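Colleague: Could you take me through the aromatic pairs in this model, please? I would like a close look at the rings and at what surrounds them.

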Amino acid sequence: MTGYVWLIPVFPLIGFLINGLFGRKLPRKAIGIIGSGAILLSFLLACVLFVQMNGSAEFSEHGIRNVLFPWISYGDFNVNFAYLFDRLSGSMTLMVAGVSFLIHVYSIGYMAEEDGYWRYFAYLNLFVFMMLTLVLADNLLLMFVGWEGVGLCSYLLIGFYYTTKVASDAGKKAFIVNRVGDFGFILGMFLIFTLFGSLEFTKIREAIVSAGLKPEHTLGLITLATILLFVGATGKSAQIPLYIWLPDAMAGPTPVSALIHAATMVTSGVYMIVKLNFLFQLAPITLLTIAWVGGLTALFAATIGTVQNDIKKVLAYSTVSQLGYMFLALGVGAFIAGFFHILTHAFFKALLFLGSGSVIHAMHHAFHHAGIHDKDPQDIRNMGGLKKYMPKTYWTFLIATLAIAGFPPFAGFFSKDEILWKAFASNHKILWGIGAFAAVLTSFYMFRLVYLTFLGDFRGTKNEEEALHESPSVMTVPLMALAFLSVVGGWLGFPHIFHLPNLLEHYLEPMVENIGHIHFMHNVSMEWTLMFVSVGLAIIGWLFAKFLYGRKTDAPEKLANTFNYFYKILLNKYYVDEIYFALVVTPVRKIGEFCWLFIDTVIIDGAVNLSAYLARCVGKIYSLYQNGAVKVYALTMLAGILILFWIFL
């Protein structure tokens, strides 16, 4: 089976082609089975290859490489169309395919009554195909194909409800903002080829190792190349200043949000840096930049999440914040910890989004049953008390909340604690403080969601309440599967102080060899202390949320009124969109209008029209003599003869 790595991305491509070409004529049941089945086949094949790879010493060390054909060959520039299934890409493939399959199954129920059902599953399959291409690529150029592909698919899926302006604008925003980052990725790729003469990950690594390059030996060009790649990562993984597209991406169907936020697109930037860790280790300035951007993004987004009232918006800013944690880990040199958080985050964030979709699904039907069309089914102020009607959704949502808030033994506790410990142990204590404060806020805004959504009394009408019900099994079974993973997923990376095997770190160590300056403190008592502090921070966030929202009081309103200025700033997301609109969008639009109205309409069109006018005038003048009248020709000839006589005689 080792020659069939290429089939992993091809299965979703086949699903896309079948549903895309024939979906209009297929029954909905068949469309859902084809879409989900394609991803299941990819997952099963990935499992088989994962076992085979780890059963062979050669494959376990170098990975399984499938070269399909020579892709581009011009002079010294040679790139193959090839896939590489190694320890890192194999682990990522299992996560992408596994979580995507559960999201596909959930979509069968969630999208059952939607128009464009076949189109939705076709786009979803195409999205996974592009993501798997990105993950399994054995070179930067093929990775870039997948990189651009997920960008295109995000545009299609975010704008799925394209008849509404909000959705179409959100799709365009995601597409345009990502192009800014992609420009940096392209320049970084060119620079890497100039430096190493290859775009293959293996050859770049071999060139660095054989040359014995160390951070102190490297030139500024490597720093520049890694900074450019990081610019690309900030766009794809929604970091400051290019995070603005991700919260608006909520305009798409909720399973799409789960797919983008948990299993595919936003993890691309983090994965790319982990994949190229041997290159980034040579650029300490870049790593420091990544760490600070990640830390500040984690805190910045967490503060916004504390006051949002749209259930999906809270989760969206939570994703931005958690991605910040991942970049913080990468920046301090803890690449495996960053990758560990990708995995655990995929489980509990997919669960949170699908759980919110279940809630929205129920609220939408309740409003429809009551004949109400002006209430927002995503506004948590319209909810409350849903635990009684949706127990499966509640308990699974609570598990994901405990995981992301950092309560042991749930998955998020282990990966987040590892990141905070590595930040402290690498002597970045301010960044640890920023991450710790963001952890308190994370716990607070997540339990705020739980209290306002599921606990207390329902804040709607009696008619609405009568229609509340649990989602069908096709939606709740994926929730339960993800809840299980949100509990046990973190057990892949037990801290060393537990004296239990850290399976993930041990497994990925050969892929993340320390080649330079990265050192971590080893202090068992300090690690225990910080772990207890981390748990304490999560408890503080929960207790504060319980105090404000766990009982019927006016404490939240009083707090908002007391700090009204800060509350409004947070509620309006620091007015970042407005600032971008004033400083970027409006000037660009004005320049565009100037180019259109003056340069295009006046100068270019004027020049073209003037030349046409002059040609027409000249033609008219000459046409006076080309009218077919013999008398005119004779008179003209006579005048010419007289002029010649006058000149020469």
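Modeller: Gladly; what follows goes from the ring pairs to the charges over rings, and then to some buried parts. This is a predicted model, in which local features need pLDDT of at least 70 and side-chain atom pairs count only at pLDDT 80 or more, while totals for chains, interfaces and linings use all residues. Residues are numbered from 1 along each chain as its sequence is written, and side-chain values use heavy atoms, with hydrogens and water left out.

Rings of Phe, Tyr and Trp (its six-membered ring) pair if their centres lie within 6.5 Å; planes under 30 degrees apart count as stacked, over 60 as edge-to-face and the rest as tilted. By this rule, the count is 33 aromatic pairs. One of them joins Tyr155 and Phe175: the ring centres are 5.5 Å apart and the planes stand at 55°, so this pair is tilted. It links distant parts of the chain, 20 residues apart, with Tyr155 in helix H6 (residues 140-158) and Phe175 in helix H7 (residues 165-196). Helices here are DSSP runs (H or I, at least four residues), numbered from the N terminus.

For accessibility, buried means under 20% relative accessible area, exposed over 50%, and partly exposed in between (1.4 Å probe, protein chains only). Tyr155 has 35% relative accessibility and so counts as partly exposed; Phe175, at 30%, also counts as partly exposed.

Next come Phe397 and Phe454, with ring centres 5.3 Å apart and planes at 50°, so this pair is tilted too. Here 57 residues separate Phe397 in helix H17 (residues 391-405) from Phe454 in helix H19 (residues 429-454). Both Phe397 and Phe454 are buried. Elsewhere, ring pairs join Phe413, Phe414, Phe494, Phe498, Trp528 and Phe532 into a cluster.

Phe175 comes up again with a charge. A charge sits over a ring if NZ of Lys or CZ of Arg is within 6 Å of the ring centre and within 35 degrees of the ring normal. The charged end of Arg179 sits over the ring of Phe175, 4.3 Å from its centre, and Lys429 lies over the face of Phe424, 4.9 Å from the ring centre.

Helix H6 also has a part in covering helix H11 (residues 254-263), where 10 of the 10 residues are buried. Among the elements that cover those buried residues are H6, helix H4 (87-110) and helix H15 (311-331). Gln322 lies in helix H15 and, at 0% relative accessibility, counts as buried. Contact means heavy atoms within 4.5 Å; beyond its neighbours within four places in sequence, Gln322 contacts residues including His341, His345 and Tyr445.

Methods:
Helix = DSSP H or I, 4+ residues; strand = E, 2+ residues; numbered from the N terminus.
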